[in-house]
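User: Could you walk me through reading a few features of this model? I would like the general idea and then the case here.

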Amino acid sequence: MRIACIDGDGIGPELMGSAREVLTAAASMDGLAVEFGEEPGGAATYLETGEPLVAGALERFRDEYDAVLKGPVGLPEVRKPDGTEAGVLGGVLRNGLDTYANVRPVRLLPGIRDSASPIDYVIVRENTEGLYLSRGSGVRNERAASDQLLMTRVGVERIVRFAFETARTRNGAPGDGVRRVTCVDKSNVLRSFAFFRDIFDEIAAEYPDVEADHRYTDAAAHDLVADPGHFDVLVTENFVGDMLSDLGAATAGGLGTCPSGNIGERTAYFEPVHGSAPSIAGQDEANPTSQLLTAAMLLDHVGAIGTAKRITGAVEAAYADGSVRLNPNGTPTCGTKGVTAAVLSRL
């Protein structure tokens, strides 16, 4: 398989180095040949070229690779004239590749912390519409600013169907074993979210084997902390999904333990959910767990399911037996290289 690699900024190269090492080792055990293609992208690329991604990269991602593995990108000081961050790739890749489904599993790994309620759910976030569609298109003067939230029927239908299909592949919510999809919205306040909920209810009728559930955004934020075992799959708008996935990560060991995938009809790319953490870059302090589990998601997506399970199992074993422990700030006590070595030895 051919995998495009965007190392990114800050801690990105360290995490991607760990992921390539583990992915290569796991694939070789299953007789799989992996070829990595290096593709620059992020804040450093923006400073060099004026764009966060080099010309022709999107076409290569679609036509020459099986999937894309991306490290965290962006640096806080690299900004556009309008004040927004210049080195990020979210809008470029998600809209450029039409990877409309942002898939963010939130799962409490063994050995991290005790929890009154089990945590194992997936947030399916619409990736190409919603409030973030206004990225770079808002209006502003010295007295006011406005960004537009837009949803379309096609966009909502496909993300809702993706969520229900995802639920069919899972074992149900950990609290009761029920396969369910929870629609998260603010339909009591905004017409766009009422539109989202109405379409959700239409699609839900096509899946009688999966329970349809509803939460307002604020109630979902509460319940993801108070009763996470209730949730199996959640589906929501772009901005809301961005907030809730980080909240969920905080209950499951931090952003350094959570992977994500961006999936479309033709291609997909996979990345950890956190930023580039430049303050700890190059110091062997970053937690590569999110990047390793992201690599496992990529393998699962391209059909190497056994190899994906091999990596996930090795990560779980390293946490379960105490070889990997986290400091209060989320960094691993054994360092980036120590986590990598622990996972390699348990493959």
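User: Which helices are included in what covers the buried residues of helix 11?

Analyst: Happy to start there. The cover of those buried residues includes helix 1 (12-29), helix 9 (289-301) and helix 10 (305-320). Helices are DSSP runs of H or I with at least four residues, strands are runs of E with at least two, and both are numbered from the N terminus. Contact means heavy atoms within 4.5 Å. One caution: this is a predicted model, in which local features need pLDDT of at least 70, side-chain atom pairs count only at pLDDT 80 or more, and totals for chains, interfaces and linings use all residues. Residues are numbered from 1 along each chain as its sequence is written, and side-chain values use heavy atoms, with hydrogens and water left out.

User: Which residues of helix 11 are buried?

Analyst: A general idea helps here: an α-helix has 3.6 residues a turn, so residues three or four places apart point the same way. In helix 11 (residues 335-345), the buried residues are Gly 335, Thr 336, Val 339, Thr 340, Ala 342 and Val 343. Buried means under 20% relative accessible area, exposed over 50%, and partly exposed in between (1.4 Å probe, protein chains only).

User: How do I read a helix pair, say at what angle helix 7 and helix 8 pack?

Analyst: Two packed helices are described by the angle between their axes and the distance between the axes. Helix 7 (residues 217-226) and helix 8 (residues 238-251) pack at about 15 degrees, with axes 9 Å apart. The axes are lines fitted to C-alpha atoms, for helices over the stretch in contact, and angles run from 0 to 180 degrees between N-to-C directions. Helix 7 and helix 8 are therefore roughly parallel (under 35 degrees; over 145 is roughly antiparallel, 65 to 115 roughly perpendicular, the rest oblique).

User: Which residues make that contact?

Analyst: Helix 7 brings Thr 217, Ala 220, Ala 221, Leu 224 and Val 225, while helix 8 brings Val 240, Leu 244, Leu 247 and Thr 251.

User: And where does Gly 261 lie?

Analyst: Gly 261 sits in strand 11 (residues 259-263) and is buried, at 0% relative accessible area. Leaving aside residues up to four places away in sequence, Gly 261 touches Ala 101, Asn 102, Val 103, Tyr 269, Phe 270 and Met 297. The C-alpha atoms of Gly 261 and Thr 99 are 9.1 Å apart, although 162 residues separate the two along the chain.

User: What is the secondary structure of the whole chain?

Analyst: The protein chain has eleven helices and twelve strands. Buried residues make up 52% of its 347 residues.
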